[in-house]
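Got the model open in your viewer? Let's walk through it one selection at a time.

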Amino acid sequence: MKIVMLGAPGAGKGTQAKRIAEKFNIPHVSTGDIFRANIKNGTALGKEAKEYMDQGKLVPDELTVRILLDRVAQEDCKNGYVLDGFPRTIPQAEVLDSELAKLGTGVDYAINVEVPDDDIIGRMSGRRACLKCGATYHLSFLPSKKEGICDNCGSELVLRDDDKPETVKKRLDVYHEQTQPLIDFYNNKGVLKEVDGTVAPDDVFKAIEEILK
Ligand SMILES: [Zn+2]
């Protein structure tokens, strides 16, 4: 079972990807994780990626695709996997498709976790972070014991720049421009499944289970 997770940053697709992986016993392949693993293990691909990152440049599509294909070619992926953070663009999706086609297979499900932009902006603006110890909180979902103060170290909590509405809005605009076309791409292939991401995470997962069983 090969699954691609789609959804805006902050829609909770990473959480759902992890749960799918556990439930169906297939690896959760997150691009961020495999980049870090390759770099940590000093692989040839990792060294190549690190050169770009050290220069503050984006890792090119072509290299991202090679790193991803290397990962899904491993033994533990033979029964399938959940891709999280890949593909991000149509060219990446096309390469994935043609590589899978060479193996006589393809993506089985593209699950889009749908959350309206305003909801995401609202969720993010409730986040609070401790810049001293790195602890994170949420005003509604995970409040600190004392408002505005870190439970761990007693420092003042802040709303990070990354979580501010104007920053989140910009990120969502990029998402819609770049990733939204993927929704049409997978829809045309007949593998797109949409789930409502505004409900509780447990209920989102129930809807996904219904699709996958
Ligand atoms: Zn702290």
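Start by selecting α2 and α4 (61-72): each of these helices supplies at least two residues to the lining of the second largest pocket. The bigger giver is α2, whose 3 residues are the most that the lining of this pocket gets. Keep in mind as you click around that this is a predicted model.

Which residues should you show as sticks to find the centre of this pocket? Pick Leu58, Val59, Thr64, Arg88 and Gln92, which lie nearest the centre among the 15 lining residues. The space inside comes to about 410 Å³. Colour the lining by class and you get 5 nonpolar, 7 polar and 3 charged residues.

Now go to the largest pocket, with about 1200 Å³ of space. Centre the view on Pro9, Gly10, Ala11, Gly12 and Arg127, the closest to the middle out of 41 lining residues. Several elements put at least two residues each into this lining: β1, α1 (13-24), α2, α6 (117-125), β6, α7 (165-178) and α9. Which of them gives the largest share? That is α1, with 5 residues. By class, the count here is 17 nonpolar, 16 polar and 8 charged.

Next stop: the parallel sheet. Switch to cartoon and select β2, β3, β1, β4 and β8, which in that order make an open sheet of 5 strands with parallel pairing. At the edges you'll find β2 (28-30) and β8 (192-196); each has a single partner strand, so one side of each has no neighbour in the sheet. Look along the sheet and follow the twist, which averages 25 degrees from one strand to the next.

Then add helix α2 (residues 31-40) back to the selection: this helix packs on the sheet, touching β2 and β3 (81-84), and its direction makes about 75 degrees with that of β2. Helix α9 (residues 201-212) is worth adding too, as it lies across β1, β4 and β8 and runs at about 155 degrees to β8.

Zoom in on β4. Strand β1 (residues 2-6) runs parallel to β4 (residues 109-114), and 4 bridges join the two. To see how they line up, label Ile3, which stands opposite Tyr109 in β4, and Leu6, which stands opposite Asn112. Towards β8, the pairing of β4 is again parallel, over 5 bridges. Here Ala110 has Leu192 in β8 as its bridge partner. Is β4 mostly buried or exposed? Counting a residue as buried when its relative accessible area is under 20%, 5 of the 6 residues of β4 qualify, so the strand is largely enclosed by the rest of the structure.

For contrast, select β6, β5 and β7, which in that order make an open sheet of 3 strands with antiparallel pairing. The edge positions go to β6 (136-138) and β7 (157-158); each has a single partner strand, so one side of each is left without a neighbour in the sheet. Strand β5 (residues 127-130) and β6 run antiparallel, joined by 3 bridges. Show Ala129 and you'll see Thr136 of β6 standing opposite.

Next, a pair of helices. Hide everything but α5 (90-102) and helix α8 (residues 180-188), which pack at an angle of about 30 degrees with their axes 9 Å apart. On the α5 side, select Ile90, Ala93, Glu94, Leu96 and Asp97; on the α8 side, Pro181, Leu182, Phe185 and Tyr186. What does this contact consist of, by class? There are 7 nonpolar residues, no polar ones and 2 charged.

Two backbone details round off the tour. As background, most residues other than glycine have a negative phi, and most peptide bonds are trans. Select Phe86 and Pro87: the peptide bond that joins them is cis, with omega about -10 degrees. You'll find Pro87 in the loop between β3 and α5.

Finally, jump to Asn25, in the loop between α1 and β2. Its phi is near 55 degrees, a positive value in a residue other than glycine. Turn on a surface to look at Asn25 there: at 69% relative accessibility, this residue counts as exposed.

Notes
Residues numbered from 1 in each chain as written. Predicted model: local features only at pLDDT ≥ 70, side-chain atom pairs only at ≥ 80, totals over all residues. Heavy atoms only, no water. Pairing = 2+ DSSP bridges. Axes fitted to C-alpha atoms, helices over the stretch in contact; angles between N-to-C directions. Contact = heavy atoms within 4.5 Å. 1 Å grid on protein atoms, 1.4 Å probe; cavity = no way out; pocket = protein on both sides within 12 Å on 5 of 7 lines; lining within 4 Å. Points joined across faces, edges and corners; volume = space filled by probe spheres on them. Nonpolar A, V, L, I, M, F, W, Y, C, P; charged D, E, K, R; others polar. Buried < 20%, exposed > 50% of the residue type's maximum accessible area, 1.4 Å probe, protein only.
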